[in-house]
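Me: I've got a two-chain model open and want to talk it through before I do anything with it. Can we go over it piece by piece?

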Amino acid sequence: MKTSEDFAHYYETDIKPDLMLLEEKRLHIKKKLMPLIFLCAALLIVSLGLVAYFHISIQWMMIPLLICAVVIGGWYMTFYRQFLSQFKEQVIQKIVRFVDPGLTYAQTGCVPKSLFTESRLFQDRADRYEGDDLVSGTIGKTEIQFSEINAKHVETTGREQGTGSQKKRKTETYPIFKGLFFVADFNKDFSHTTIVLPDKAEKLFGRIGQKLQGLNRSKGELIQLEDPEFEKLFVVYGEDQIAARYVLSTSLMQRIADFRKRVGQDLFLSFVASKLFVAIPYAKALFEPSLFKTLVDIENIKAYFQDLQLAVGIVEDLNLNTRIWKKEPPKEEAK
Amino acid sequence: MVGIAIAIAVVLVLLVLLFNSLVSKKNRVLNAFAGIDVLLKKRNDLIPNLIASVKQYMQHEQGVLTRITEIRTRALEGGLSDDAKVEIDNEMVGALRGLMVAVENYPQLKANENFLQLQAALNEVEEQISAARRNYNATVLEYNNALEMIPTNMIAAMMQYRTKMFFEATEKERAVVDVKSGFES
């Protein structure tokens with residue numbers, strides 16, 4: 001595992017020269033944005049003034065708003081997107097290779113939707129599914145891939161509105177998951193599904209909460225495990241009591257609890273068909289620099305390194321490279 | 001009059017529910033033990049292959065191999081009590097562990113593909129047995145809790161249910177991980 005000191009050294013020698021160039025670019029496009037923002041602000045204030053002075057309907061404000069949206073949108077499409085893509089291609093690519101040479105990075109790729117569905121972590125159907133920043137490869141003996149994922153569920157509700165060809169149903173979009181989605185090939189073979197979710201009920205209601213969890217059978221039977229620390233953090237459902245305990249050995253429970261504390265965030269894990277899925281909710285977008293902060297600052301860049309280390313570290317933290325239980329070495333994926 | 005009848009009916013229904021929950025808990029313990037039994041059988045099925053693959057390499061360990069075969073034969077006898085099964089399992093664990101330590105002295109064997117596969121299969125089944133034991137303990141915990149908590153404890157007393165023992169690591173197994181005494185001796 002690479003340390004922060006290793007990274008600091010790598011930063012100075014390999015990343016900084018690229019950052020200098022990108023920093024120039026950042027300042028350049030920021031300079032382009034500033035007058036646009038003033039222009040838009042001025043336009044909006046003047047229009048608002050006109051609306052108030054001539055007692056025009058407020059609906060006319062739509063026009064200046066639309067103009068502003070087009071202007072800022074145009075700036076985003078022509079300048080910012082290109083800057084972002086260049087940043088990821090040069091800087092993130094390098095950091096990924098630094099973390100482990102066995103990894104590859106694809107800025108527009110993401111973990112396929114089929115795997116997201118297979119994980120059975122989220123019950124709602126993912127109608128809108130997108131993501132980027134796919135990292136994949138092999139760490140030791142374990143194949144992994146992870147990316148940022150944003151999945152949403154679209155629900156059509158209510159009665160049809162309007163008549164004839166204007167018939168329309170109201171649709172609402174609910175977020176399912178946004179954050180880092182990680183898939184690894186697990187070091188034990190199994191066919192039964194086991195799902196580990198953050199424990200809400202037990203934390204709030206104690207033993208009664210535990211009883212309530214037992215009633216929720218949609219994810220399988222409630223599995224009560226003997227590690228009190230783990231039980232406090234997670235609730236486990238599974239298709240088979242023994243298979244769940246086979247997967248969640250005493251040491252793995254300890255490791256998951258430790259990892260949960262290190263991440264300091266809710267964790268969703270599932271074990272399906274000899275694969276491990278981990279979902280870590282993130283509010284911010286991964287690997288996207290702020291336009292208003294300098295790039296040439298090791299602290300800002302180190303955050304990307306740490307995000308990557310955290311995901312790649314799952315292999316080590318959960319001891320996935322110990323492969324004494326598998327009959328065969330991991331198969332190469334057919335390409 | 002009607003009130004009394006309703007009260008009696010409610011009490012009866014409650015009694016039936018409590019009785020049934022106790023029976024189901026008891027059966028889950030039996031079922032969990034059967035789960036261990038299945039896996040013990042799975043391990044016993046692996047042993048002839050294991051012996052066959054190591055025999056030609058391990059000329060000097062015939063004693064260990066004979067002992068494993070002998071324990072396996074005993075395990076396959078019918079009509080064993082649960083306690084006897086546990087006892088035989090413990091012996092088997094000790095003997096297999098002895099074999100795996102002895103394997104360290106045979107580099108040729110350690111490189112044998114067939115043996116490595118068997119070793120992985122054995123590791124897998126050992127891990128599954130350990131999972132099944134933990135499952136058994138979880139059901140026993142629930143059963144014992146029901147036997148000692150109000151109100152099920154009264155019905156359990158009427159049915160003459162007794163608390164069950166947990167599966168615990170035997171003295172021998174504990175001794176294996178006792179590294180300190182190994183250094184002292």
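**Confidence first, then the chains**

Reply: Sure, and keep in mind that this is a predicted model. Chain B has a mean pLDDT of 84, with 91% of its residues reaching 70 or more.

Me: Which helix of chain B has the lowest confidence?

Reply: The top of the range in chain B belongs to H1(B), at a mean of 90. Over residues 176–185 of chain B the pLDDT is below 50, and beyond near neighbours in sequence that stretch has 1 contact in the model. Where pLDDT is low, the coordinates should not be read in detail. The helix at the bottom, with a mean of 42, is H8 (residues 179–184) of chain B.

Me: And chain A, which element has the highest mean pLDDT there?

Reply: Chain A as a whole has a mean pLDDT of 86, and 89% of its residues reach 70 or more. Residues 330–335 of chain A have pLDDT below 50, with 3 contacts beyond near neighbours in sequence. Among the elements of chain A, helix H4 (residues 201–215) has the lowest mean, 62, while the highest, 95, goes to strand E8 (residues 268–272).

Me: What are the scores for the model as a whole?

Reply: There are two of them, ipTM and pTM. The pTM is 0.81, and the ipTM is 0.75.

Me: How many residues does each chain bring to the contact?

Reply: On the side of chain A that touches chain B, the residues divide into 4 nonpolar, 3 polar and 4 charged. The contact takes 13 residues from chain B, and from chain A it takes 11.

Me: Let's look at the fold of chain B. How many helices and strands does it have?

Reply: Reading from the N terminus, the elements run α-α-α-α-α-α-α-α. That comes to 0 strands and 8 helices.

Me: What radius of gyration does chain B have, against a compact globule of 185 residues?

Reply: Along the principal axes, the C-alpha atoms of chain B fill a box of roughly 85 × 40 × 25 Å. Buried residues make up 18% of the 185 in this chain. A compact globule of that length would have a radius of gyration near 16 Å, but chain B has 23 Å.

Me: How far apart are the C-alpha atoms of Ile8(B) and Arg43(B)?

Reply: Ile8(B) sits in helix H1 (residues 2–55) of chain B. Ile8(B) counts as exposed because it has 10 C-beta neighbours inside 10 Å. Arg43(B) is 35 residues away along the chain, and the C-alpha separation is 53 Å.

Me: Now a pair in chain A: how far is Thr104(A) from Thr138(A), C-alpha to C-alpha?

Reply: Thr104(A) belongs to strand E1 (residues 103–106) of chain A. Leaving out residues up to four places away in sequence, Thr104(A) touches Ser136(A) and Gly137(A). Thr138(A) is 34 residues along the chain from Thr104(A), and their C-alpha atoms are separated by 9.3 Å.

Me: Where does helix H1 of chain A bend?

Reply: A straight helix of 50 residues would span 74 Å, but H1(A), residues 4–53, spans only 60 Å between its end C-alpha atoms. The bend is about 55 degrees, and a proline, Pro17(A), follows within four residues. The residue at the bend, Ile15(A), is also one of the buried residues of H1(A), alongside Phe7(A), Tyr11(A), Leu19(A) and Arg26(A). Helix H2 (62–99) and helix H8 (298–317) of chain A are among what covers those buried residues, and the bend is at Ile15(A).

Me: Any backbone oddities worth a check? Which peptide bond is cis?

Reply: Look in the loop between helix H5 (113–148) and helix H6 (152–159) of chain B, where Pro151(B) lies. Omega is about 5 degrees there, and the cis bond joins Ile150(B) and Pro151(B).

Me: What is the phi of Ser274(A)?

Reply: Ser274(A) is in the loop between E8 and strand E9 (275–281) of chain A. Ser274(A) counts as partly exposed because it has 15 C-beta neighbours inside 10 Å. Although Ser274(A) is not a glycine, its phi is positive, at about 60 degrees.

Me: Which residue in the segment after H8 of chain A has a positive phi?

Reply: The phi is near 60 degrees, in a residue other than glycine. With 14 C-beta neighbours inside 10 Å, this residue counts as partly exposed. The residue in that segment is Asn319(A).

Note on methods: Residues are numbered from 1 along each chain as its sequence is written. Chains are lettered from A and ligands numbered from 1 in the order in which they are written. This is a predicted model: local features need pLDDT of at least 70, side-chain atom pairs count only at pLDDT 80 or more; totals for chains, interfaces and linings use all residues. Two residues are in contact if their C-beta atoms, placed from the backbone, lie within 7 Å. Ala, Val, Leu, Ile, Met, Phe, Trp, Tyr, Cys and Pro count as nonpolar, Asp, Glu, Lys and Arg as charged, and the others, Gly among them, as polar. Helices (H or I, at least four residues) and strands (E, at least two) are DSSP runs, numbered from the N terminus. The expected span of a helix is 1.5 Å times one less than its number of residues. The bend at a residue is the angle between axes fitted to the seven residues ending there and the seven starting there. A residue is buried if 20 or more other C-beta atoms lie within 10 Å of its own, exposed if 12 or fewer, and partly exposed in between; C-beta atoms are placed from the backbone. pLDDT is the predictor's confidence in each residue, from 0 to 100. The radius of gyration is taken over C-alpha atoms; the globule rule is 2.2 Å times the number of residues to the power 0.38.
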